[in-house]
Amino acid sequence: MTERVLVLPRASVPGGTDFNGVRPMRGDSLGVLRAAVRAHGRYLERPTAEEDPGHKQLIPYVVVRDGDAVFLMHRTDAGGDPRLHGKASIGVGGHLNPVDEGEDALMAGLRREWAEELVADWEPEFRLVGLLNDDSNAVGAVHLGIVFEVDAAGRSVDVREHDKLVGAFADAGAVRAAWDQLETWSRLVAEDLGF
């Protein structure tokens, strides 16, 4: 069965998609975005969505902070996609699927991705940072990140799939040292966060 992913027409993205990097969202921006998803979001088969730049696949993208440190993950060679082997990321997230459907697919999918990717015995408080867009390449042209921050506040966080990922909190120097391995979205978010 083909995966179906939640998309939003470019024309329905609040504030548009004419930017590169992270565009901050303040005030009731999250409410406006959630309303747009309810009104205009729909599920497309993923192969179709990957070839349709008229729609943006919505990807919740969570950065976990602890003071001045950020949770930095490195992919091992055990993952399924060889293009990602050795890559690093400061964000966790993924596509929204029909399992997330309901009154608030965005937040349901965000919570599901958090639980699937990370081990934390505490309830996160998600704070919206902004939208993440990169139309400079074919993959970025069909995806839109919704960036959130979570404050670990000294609490434990770990990756769930130890065979595919290793993760630990890293200071700005460690993030810069891993810069060449960082995925494009992680670089854009790290720049926005001042790393």
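Here's a quick tour of one helix, the nonpolar cores and a group of aromatic rings. Keep in mind that this is a predicted model. Two residues to look out for are Val 62 and Phe 148, which touch the most other members of the largest nonpolar core. Phe 148 turns up again in an aromatic cluster, together with Trp 114, Trp 122 and Phe 126.

**Helix α1**

- Let's start with length: helix α1 covers residues 29-40, and at 1.5 Å a residue its 12 residues should span 16 Å. The C-alpha atoms at its ends are 16 Å apart, so the expected and computed spans agree.
- Its buried residues are Ser 29, Leu 30, Leu 33, Ala 36 and Val 37.
- Look down the axis of α1 and you'll see those buried residues fall within an arc of 120°, so they line one face of the helix.
- What do they pack against? The partners are the strands β1 (4-9), β4 (55-66), β9 (127-133) and β10 (143-151), plus helix α3 (105-117).

**The nonpolar cores**

- The largest nonpolar core has 35 residues.
- Elements giving two or more residues to this core are β1, α1, β4, β5 (69-75), α3, β9 and β10.
- Helix α3 gives the most, with five residues.
- Val 62 has plenty of company: leaving aside neighbours within four places in sequence, its contacts are Ile 90, Gly 91, Val 92, Leu 110, Trp 114, Phe 126, Phe 148 and Val 150.
- Apart from this core lies another one, of 21 residues, including Val 22, Val 129, Leu 182 and Leu 188.

**Aromatic rings**

- Searching the whole structure turns up five aromatic pairs.
- One of them is Trp 114 with Phe 126: the ring centres are 5.8 Å apart and the planes sit at 85°, over the 60 degrees needed, so this pair is edge-to-face.
- Trp 114 belongs to helix α3, while Phe 126 is in the loop between β8 (118-119) and β9, so the pair ties together parts 12 residues apart in sequence.
- Are these two rings buried or exposed? Trp 114 counts as buried at 6% relative accessibility, and Phe 126 is buried too, at 15%.
- Phe 126 also pairs edge-to-face with Phe 148, at 6.2 Å centre to centre and 75° between the planes.
- That second pair links distant parts of the chain, since Phe 148 is in strand β10 and the two residues are 22 apart.
- Phe 148 has 0% relative accessibility, so it counts as buried.
- Over at Trp 122, Arg 155 lies over the ring's face, 4.0 Å from the ring centre.

Methods
Residues are numbered from 1 along each chain as its sequence is written. This is a predicted model: local features need pLDDT of at least 70, side-chain atom pairs count only at pLDDT 80 or more; totals for chains, interfaces and linings use all residues. Side-chain values use heavy atoms; hydrogens and water are left out. Helices (H or I, at least four residues) and strands (E, at least two) are DSSP runs, numbered from the N terminus. The expected span of a helix is 1.5 Å times one less than its number of residues. Buried means under 20% relative accessible area, exposed over 50%, partly exposed in between (1.4 Å probe, protein chains only). The arc is that of the directions from the helix axis to the C-beta atoms. Contact means heavy atoms within 4.5 Å. A nonpolar core is a set of buried Ala, Val, Leu, Ile, Met, Phe, Trp, Tyr and Cys residues joined through side-chain atoms within 4.5 Å. Rings of Phe, Tyr and Trp (its six-membered ring) pair if their centres lie within 6.5 Å; planes under 30 degrees apart count as stacked, over 60 as edge-to-face and the rest as tilted. A charge sits over a ring if NZ of Lys or CZ of Arg is within 6 Å of the ring centre and within 35 degrees of the ring normal.
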